[in-house]
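Me: Could you take me through this model, beginning with its helices?

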Amino acid sequence: MPTDFHQKSLSLLSEQLSARGLDTNFLIQKIASFQIAVPSWALGAGGTRFGRFLIGGEPRNLEEKLEDIGLLAKLTKRTDAVSLHIPWDIPQDVQLIKQKAADLHIRFDAMNSNTFQDYGQPLTYKMGSLSNADSDIRKQAVEHNLLVIEVGKELGSKGLTVWLADGSNFPGQAHIRKALQWTTESLQDIYAGLPADWKLLLEYKPYEPNFYHTVIPDWGTSALICRHLGEQAKVLVDLGHHLPNTNIEQIVATLMHQNMLAGFHFNDSKYGDDDLSTGSIKPYQLFLIFCELTNGAEEKAQSWESISWMIDASHNTKDPLEDLIQALESISQAYAKSLLVDRKKLNQCQLEGDVVGAQEVLQDAFLTDVRSLVREARIQSGGELDPLDYYRRERIREKRILQRGKNTQASGL
Ligand code: RM4
Ligand code: MN
Ligand code: MN
């Protein structure tokens with residue numbers, strides 16, 4: 001991408017935007033300040049239940065994961081935080097990790113607990129964790145979450161994300177009401193240990209790994225439980241955790257209306273929890289979601305700052321770092337486009353029942369090529385003109401392979 005091509009595209013866009021009454025510099029500032037966390041498990045090749053293909057040069061430990069996020073931060077200027085998964089990425093030496101992160105200007109975003117696998121703990125989670133019929137197992141799962149909070153406190157994190165795999169595979173296997181009650185009580189015990197300036201982000205998912213019933217299958221159940229916890233508990237929306245064709249933007253609007261939106265896990269999907277690159281399959285949906293987000297914040301339904309942002313994708317055919325660069329770019333583009341929506345005109349259309357006009361307003365924003373705007377925001381922040389091109393030109397993966405080895409495997413799924 002030649003610099004003069006970028007300049008020409010930007011000035012053309014700038015002209016179009018000011019004709020629409022929009023201030024290019026203001027938009028650039030907004031785009032530049034929007035930061036999205038990267039999870040510690042997204043830096044290696046992701047597996048499926050059929051196996052895993054190594055990509056080479058995968059980070060061997062948390063320090064190397066931080067180095068990869070540091071690189072993403074330097075190139076894209078779109079991420080400044082890591083979200084840790086415990087026990088996959090339990091810091092061995094907290095001070096060292098804190099120092100390393102500080103050197104790379106990386107914050108610790110929400111901590112993720114794990115009660116969906118066995119990793120040598122005394123009691124098995126095979127039949128569930130926070131919802132288990134056995135109170136000792138529930139207790140163990142609660143204690144794990146409390147430990148995750150302790151680790152997070154040392155690192156300066158301000159949130160605990162709970163995703164529960166609990167549920168059942170066959171009718172009759174679980175007592176559906178009791179499982180919900182036990183889950184609520186377990187979460188109350190965890191909530192009691194939550195520091196006052198933290199939030200609890202409660203994720204939902206309709207199915208997988210359980211296929212008959214999941215204890216927290218949807219945003220409504222998650223919100224219901226949060227109501228039993230307290231104001232610091234809110235609902236986390238993972239884009240892949242919906243049945244096909246669900247109107248996710250409506251869920252976002254509803255949650256914001258109730259000040260109940262904790263944050264996002266960005267990814268994209270065709271069928272289920274596919275964990276594909278954000279914006280690769282349904283960019284219009286992503287844009288509509290951002291329209292609800294920016295509008296909800298503008299109209300003060302819920303503040304922008306109270307929402308957490310994270311990528312939660314898995315890559316088994318792409319280089320994870322390339323994929324994350326693409327995802328960060330797509331998210332910024334969707335955000336930028338949502339800022340272009342002519343709200344006054346849209347409100348007028350809604351008032352007059354002008355369905356055609358309303359669609360035109362949205363499409364006008366969506367079909368605007370904002371790439372130069374997003375690029376400029378990145379350059380002004382000190383990032384690369386074209387991060388993907390830089391990554392390939394500098395042969396970063398090849399260098400990682402030389403340094404870390406060909407057969408390394410990052411922790412994660
Ligand atoms: C789940 C969910 C969680 C993530 C795990 C690895 O499907 O999205 O957020 O921690 O996967
Ligand atoms: Mn998730
Ligand atoms: Mn998921």
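**Two helices of a predicted model**

Reply: Helix 6 (residues 176-192; helices are DSSP runs of H or I of at least four residues, numbered from the N terminus) has 17 residues and reaches 25 Å from its first C-alpha to its last, close to the 24 Å expected at 1.5 Å a residue, the expected span being 1.5 Å times one less than the number of residues. This is a predicted model, in which local features need pLDDT of at least 70 and side-chain atom pairs pLDDT 80 or more, while totals for chains, interfaces and linings use all residues. Residues are numbered from 1 along each chain as its sequence is written, and side-chain values use heavy atoms, with hydrogens and water left out.

Me: Which residues of helix 6 are exposed on the face turned away from its buried side?

Reply: Buried means under 20% relative accessible area, exposed over 50% and partly exposed in between, with a 1.4 Å probe and protein chains only. In helix 6 the buried residues are A179, T183, T184, S186, L187, I190 and Y191. They cover an arc of only 165° around the axis (taken from the directions from the helix axis to the C-beta atoms), which puts them on the same side of helix 6. The face turned away from that buried side carries the exposed residues R177 and A192.

Me: How many of the 15 residues of helix 3 are buried?

Reply: Helix 3 spans residues 62-76, and its buried residues include L62, L66, I69 and L72. Helix 3 is largely enclosed by the rest of the structure, because the number of its 15 residues that are buried is twelve.

How values were computed. Chains are lettered from A and ligands numbered from 1 in the order in which they are written.
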